Amino acid sequence: MPQVYVAGTCDTKGEELRFACDCIRKAGATPILVDVSTAEPDESVDVTAETVADCHPKGRAAVFGRAERGQAVTAMAEALKQYLLSRKDVGAVLGLGGSGNTAIVTEAMRALPVGVPKVMVSTLASGNVAGFVGPTDIMMMHAVTDIAGLNDISRMVIGNAAHAAAGMALNRVPEVGKSKCAIGYTMFGVTTDCVSEIRRHLEPDCESIVFHATGTGGQSFEKLAESGFFDAVFDITTTEVADYLIGGIMPCTPGRFRAFCRHPIPYVGSVGACDMVNFGALQAVPVEFARRNLHVHNTHVTLMRTTPEENTRIGSFIVERINQMTGPVRFLLPLKGISAIDALGQPFHDPVADAALFESIRTGWQTAPNRKLVELDHHINDQAFAAAAIAAFRDIAG
């Protein structure tokens, strides 16, 4: 029978967690109750907190006996992650709790492959859940009431979540045999013409999976790449680096590009949309940037043009990581512009700023048999640039 791992702090949420297990059992799946308590572990569960803690790289002592609760919670999250990754029978994972348990369980959920059902009932689910969900497919469900005893509302919410987890475990989406080359892309509105042109030429022989370069989009892109989902990638739009270094709202993580160092696959990259930093509505732009070159993309997004100095930093960040890739790499520089609004006559057209970006990458580039830097006298959205990207792909992908 499909196993649904129900994880929570049984010392404070035991009644609610057992109710969820009963619902899962009645729905036809098998619940496995996992205790992640850090204060008073429950011995009457299927998997004890001590068993989970033993999976921490430093052993159970890393979890228990800590004076500071936050440290214990962080350690238990790592232990649960390692425990679930060691299991081969995870049909679904269900978590219930407040801030502490949400942090513990979602840390483990994020480590599981995309496609493994993950449901988190949390008192925090009606707010900003980006930190909990990250780049993966966690279903966050608002608890409505605090998870502090069973009542008419909590029974409905927890029961629905339990039935959802059981239903997903019992009715897995059939895996379709892979018949096409799977290619991942990064794209923004201002690089859509480029990516669309590449896709038009490669489909239907290749399956395209496109990611919006919004910070989380790039993380999802790299998570799937490292999971072996893609045969090759067109990382055309690396704009999240600008937000990370300068303080925009769609940043990458410090680990951007590292997935392709650890999991080498054919990689075609560029500097799409590195001419901009993303902020919210115009009035939300930080005061220190108020006099910069700003462009209102829509009522919710304001773009800021990067300077030559900022572009030097962006280029250094990118090339330092590209130099560590051991797979086949082609990195393309579009010398006539890097986004739709960086073209001649557009509001972000700034050849000096672009030149600083290109020079930073040239200067930092380390020549290697597997890597080639390609400079093109085209705009990133020119058909000729897309053709060059396709030629680069065919050169390294075989």
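A crossing of two helices is right-handed if the near helix is turned clockwise from the far one by less than a right angle, and left-handed if anticlockwise. The structure on screen is a predicted model. The tour begins with a crossing of this kind.

**Stop 1: helices α1 and α6**

Select residues 10-26, which form helix α1, and residues 152-170, which form helix α6. The two axes come within 8 Å and cross at roughly 45°. That angle makes α1 oblique to α6. The crossing of α1 and α6 is right-handed. Now show side chains. On α1 the contact is made by E16, F19, A20, C23 and I24, and on α6 by R155, I158, G159, A162, H163 and A166. Sorted by class, this contact of α1 with α6 has seven nonpolar, two polar and two charged residues.

**Stop 2: helices α3 and α4**

Next select α3 at residues 69-86 and α4 at residues 99-111. Their axes come within 8 Å and cross at roughly 30°. Are these helices roughly parallel or roughly antiparallel to each other? Angles under 35 degrees count as roughly parallel, and α3 and α4 are therefore roughly parallel to each other. The crossing in which α3 passes α4 is right-handed. To see the contact, colour R69, V73, M76, A77, E78, L80, K81, L84 and L85 in α3, which meet G100, A103, I104, V105, E107, A108 and A111 in α4. The residues of this contact of α3 with α4 divide into 11 nonpolar, one polar and four charged.

**Stop 3: the sheet of six strands**

Hide the side chains and look for an open sheet of six strands, with parallel pairing. In which order do its strands lie? The order is β7-β6-β8-β9-β13-β14. Select 206-212 for β7 and 371-376 for β14 to mark the edge strands, each of which pairs on one side only. Neighbouring strands of this sheet are turned by 15° against each other on average, with direction ignored.

Within the sheet, pick β8 at residues 232-235 and β9 at residues 267-269, which pair in the parallel sense over three bridges. For one bridge, click V233: its partner in β9 is Y267.

Then add residues 216-226. This is helix α8, which lies across β6 (181-187), β7 and β8. Helix α8 runs at about 145° to β7.

**Stop 4: a pair of rings in the sheet**

The count of aromatic pairs in the model comes to 12. To view one of them, show the side chains of Y185 and F234: the ring centres are 5.3 Å apart and the planes are at 5°, so the pair is stacked. Y185 belongs to strand β6 and F234 to strand β8, so the pair ties together parts that are 49 residues apart in sequence.

**Stop 5: helices α7 and α13**

Select residues 192-202 for α7 and residues 383-397 for α13. Here the axes come within 9 Å and cross at roughly 50°. This makes α7 oblique to α13. In passing α13, helix α7 makes a right-handed crossing. The contact is made by C194, E197, I198, H201 and L202 of α7, together with Q383, F385, A386, A389, I390, F393 and R394 of α13. The residues of this contact of α7 with α13 fall into eight nonpolar, two polar and two charged.

**Stop 6: two backbone details in loops**

Go to P204, in the loop between α7 and β7. What kind of peptide bond joins E203 and P204? The bond is cis, with omega about 5°.

Now move to F257, whose place is in the loop between α9 (240-246) and α10 (258-262). Phi of F257 is near 80°, a positive value in a residue other than glycine.

**Stop 7: the sheet of three strands**

The last selection is an open sheet of three strands in the order β10-β12-β11, with antiparallel pairing. Mark 276-279 for β10 and 294-298 for β11: these are the edge strands, and each pairs on one side only. Neighbouring strands here are turned by 30° against each other on average, with direction ignored.

Add β12, residues 301-305, which pairs with β11 in the antiparallel sense over four bridges. Which residue in β12 is the bridge partner of L294? It is M304.

Note on methods. Residues numbered from 1 in each chain as written. Predicted model: local features only at pLDDT ≥ 70, side-chain atom pairs only at ≥ 80, totals over all residues. Heavy atoms only, no water. Axes fitted to C-alpha atoms, helices over the stretch in contact; angles between N-to-C directions. Parallel < 35°, antiparallel > 145°, perpendicular 65-115°, else oblique. Contact = heavy atoms within 4.5 Å. Nonpolar A, V, L, I, M, F, W, Y, C, P; charged D, E, K, R; others polar. Pairing = 2+ DSSP bridges. Phe/Tyr/Trp six-rings, centres within 6.5 Å; stacked < 30°, edge-to-face > 60°.
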